Amino acid sequence: MLALILAMGVAAHAESAAPAAPAAAAAVDHAIAMHGEPALPRGFAHLPYADPDAPKGGRIVFGQQGTFDSLNPLVVLGVAPDAVPRYVQQSLLLRSADEPFTAYGLLASRVELNEARTKLAFEIDERATFSDGTPVTAQDVLFTFEMLKTKGKPFHRASLGRVTKAQAPSLRRVEFELGDGTNRELPLVIGAMPIFAKHATNAETFGETSFKAALGSGPYVVSDIVPGATITLKRRNDFWAEDHPLTRGLFNAAEIRYDFYRDSNALFEAFKAGLYDVRIEPDPTRWMTGYDVPAVRDGRIIRQTLHFDSPKGMTGLVFNTRRPFFADVRVREALGILFDFEWVNRNLFHGVYRRAGSFFSDSELSALGVPADARETALLAAFPGAVRPDILAGTWTPSATDGSGRDRDQARRALDLLNKAGFGMVDGVLRSMKGGDALAFEITVTNRPQERLALNYAQSLGRLGIAVTVRLIDDVQYWRRLSAFDFDMIQWTWPASASPGNEQIGRWGSANATRKGALNYAGVASPAIDATLQALLAARERADFVAAARTLDRLLLSGFYVVPLYYLPDTWLAHGRDIVLPARRPAYFMSSEVLARRPAASTPAN
């Protein structure tokens, strides 16, 4: 979904000209950096990748697969796009796409954070107003904080729950006490909250699904909704931050529309027909063969390959370890061995994918092929055996086959592991030698490409007597089942940023293994992972941060919680010829706010 991000790799979220404040004093500045200092000084004109001369006006249409039954994606209930938090609301800080982990003041004209990261304060910009003309105040920030902490998704509840005190000593000043300061990302999480208007929001019904858009201070308002089908936003002519350095050159369209399509084929056909403007292409077969159409040949559709420096993350088939048959790590490893990446890549995907072997591929955060250093060894000292020796030594790699689709050596390796886990072949069916139950499970998918891959994998498993069914369901049912952890196996992608942080707790923390609506789909509950996540958040230096990220990678790989699939080294983007991208690309990701539409009169002729 391009309206989310143009590059896989953003998670929840470096050098200032100002001198550092003494450790005992509060550092007053215009930004917060996780490590180091902000790259842009106070008073910068605009973000380096934003074009202040970009054309204004026109409509940009985004296409998305699925449907929606709510406009609020910040709560557990409902299926909602990101349209309102992205375009209607604003946050105290806005992250730069050019820096690994720096956010600059947006609603906040000033931010104060002490050296120990135990005290945080924001001064609200006196110009900031909601779309009804009401000023944004510190009370709105406190109201939002309390509402998300008690009724938001598990990520916000867990993160904001670490705040020990929040107060508003004046109309435009809000202060937070952050406990012992070990969660060094917490100030950025607070700064990223989409701010709700206290006078226009019912806190009692906040957790329910609703088609009523939040009143925001952002550049757009929701002008029209067709439930489940379209959302239309129009740009305000009284936007308070029209000339703000963080918005100059962004939010260029006069109108933005989200159109929803039930399945991936309909979504693609709509793009070829010109019904929406921008598409990230995830399917290699489509990219290689599906764009041989008149609109591409005559230049109405332009294709581009974009590269970003963010880690590529992990796409994998996820084991729900809450299921008894996936509780044994040997079973999970064996089933991973039976995925024939070489055959699949060549026959289904034109050989364009790379094999995933890390949750932070193509980055210094990846443990693949890298032996653990002294920092990592120290982190793991209290958890002997938590990381396999070959993964600790950096010699492990995902299983590779001969590409025949019937690699007997790999099948023997997998069967040996399954035998050790207590399974044996009985009349052609793999069964537990204790209870006699067959090893059988279901893969839940939500689109045809996932179904095609799952059927191929099921066929491979069937050769060892493992019965796998593949179930294709609609998006609403799919998200409800994921929220309740009601599945055996799914295909999932964990995007990665250059600065993984609190979102990793949501994905892997033990507390989220049983919390409905959380993102710990695999059901990971590991004291070693919990301790490493805390080390990741407490790291003060980049070297310690990298060590913690690599340690997390090794622990996840050792748990075999997923069957690693593949990733694309670049992002494939297709768009209408009158859509304008900035000439200077950001380093880590490119969000849809930078897009503009060229006026019709200036569209190049064929």
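This report walks through a predicted model of one protein chain, from its overall build down to a few single residues.

**The whole chain**

Let's start with the big picture. The protein chain contains 17 helices and 26 strands. Taken along the principal axes, its C-alpha atoms fill a box of roughly 75 × 65 × 45 Å. How does the radius of gyration fit with a compact globule? For 606 residues, such a globule would have a radius of gyration near 25 Å, and the chain has 25 Å, so the two agree.

Now for inside and outside. Of the 606 residues, 57% are buried. The accessible surface of the chain comes to about 23800 Å², and carbon and sulfur atoms account for 53% of that surface.

What about charge? The chain carries 67 positive and 66 negative side chains. The centres of these two sets lie 3 Å apart.

**Salt bridges**

How many salt bridges turn up in a search of the whole structure? The search finds 38. Here are three of them, with the distance between the closest N and O atoms.

| Positive residue | Negative residue | N to O distance |
|---|---|---|
| Lys149 | Glu146 | 3.5 Å |
| Arg388 | Glu333 | 2.9 Å |
| Arg554 | Glu376 | 2.5 Å |

Take Lys149 and Glu146 to begin with. Both residues sit in helix H2, which covers residues 138–151. They are 3 residues apart, and that is about one turn of the helix. Lys149 has a relative accessibility of 25%, so it counts as partly exposed. Glu146 is partly exposed as well, since its relative accessible area is 36%.

Next comes the salt bridge between Arg388 and Glu333. This pair ties together distant parts of the chain, with their positions 55 residues apart. Arg388 is in the loop between helix H10 (374–380) and helix H11 (389–392), while Glu333 belongs to helix H8 (residues 329–337). Are the two partners buried or partly exposed? Arg388 is partly exposed because its relative accessible area is 24%, and Glu333 counts as buried because its relative accessibility is 12%. The cut-off at work here is that buried means under 20% relative accessible area.

The third pair is Arg554 and Glu376, whose side chains meet in a salt bridge. This one also links distant parts of the chain: Arg554 lies in helix H17 (residues 542–559) and Glu376 in helix H10, 178 residues apart. Arg554 has 0% relative accessibility, so it counts as buried. Glu376 is buried too, with a relative accessible area of 0%.

Salt bridges can also join up into a network. Here, Arg323, Glu442, Arg471, Arg481, Asp486 and Asp488 are linked in one.

**A hairpin up close**

Have a look at strand E6, which spans residues 108–114. Why is this strand described as largely enclosed by the rest of the structure? It is because 5 of its 7 residues are buried. Strand E6 is joined by 5 bridges to strand E7 (residues 119–124), and the two run antiparallel. Within this pairing, Glu112 stands opposite Ala121 in E7.

E6 and E7 form a hairpin with 4 residues between the strands. Arg117 is found in that loop. Its phi is near 60 degrees, a positive value in a residue other than glycine. Why point that out? Most residues other than glycine have a negative phi. As for its surroundings, Arg117 counts as buried because its relative accessibility is 5%.

**Two more residues to find**

Which other residue has a positive phi of about 55 degrees although it is not a glycine? That is Phe485. You can find Phe485 in the loop between helix H14 (475–483) and strand E21 (489–494). With 5% relative accessibility, Phe485 counts as buried.

Finally, head to strand E26 (residues 596–597), where Arg597 is found. Arg597 is buried, as its relative accessible area is 14%. Arg584 is 13 residues from Arg597 along the chain, and the C-alpha atoms of the two are separated by 17 Å.

Conventions
Residues are numbered from 1 along each chain as its sequence is written. This is a predicted model: local features need pLDDT of at least 70, side-chain atom pairs count only at pLDDT 80 or more; totals for chains, interfaces and linings use all residues. Side-chain values use heavy atoms; hydrogens and water are left out. The radius of gyration is taken over C-alpha atoms; the globule rule is 2.2 Å times the number of residues to the power 0.38. Buried means under 20% relative accessible area, exposed over 50%, partly exposed in between (1.4 Å probe, protein chains only). Accessible areas come from the Shrake-Rupley method with a 1.4 Å probe; for residues, only the protein chains shown count as cover. Lys and Arg count as positive and Asp and Glu as negative; His and the chain ends are not counted. The place of a charge is taken as NZ of Lys, CZ of Arg, CG of Asp or CD of Glu. A salt bridge is a side-chain nitrogen of Lys or Arg within 4 Å of a carboxyl oxygen of Asp or Glu. Two strands pair if DSSP finds at least two bridges between them.
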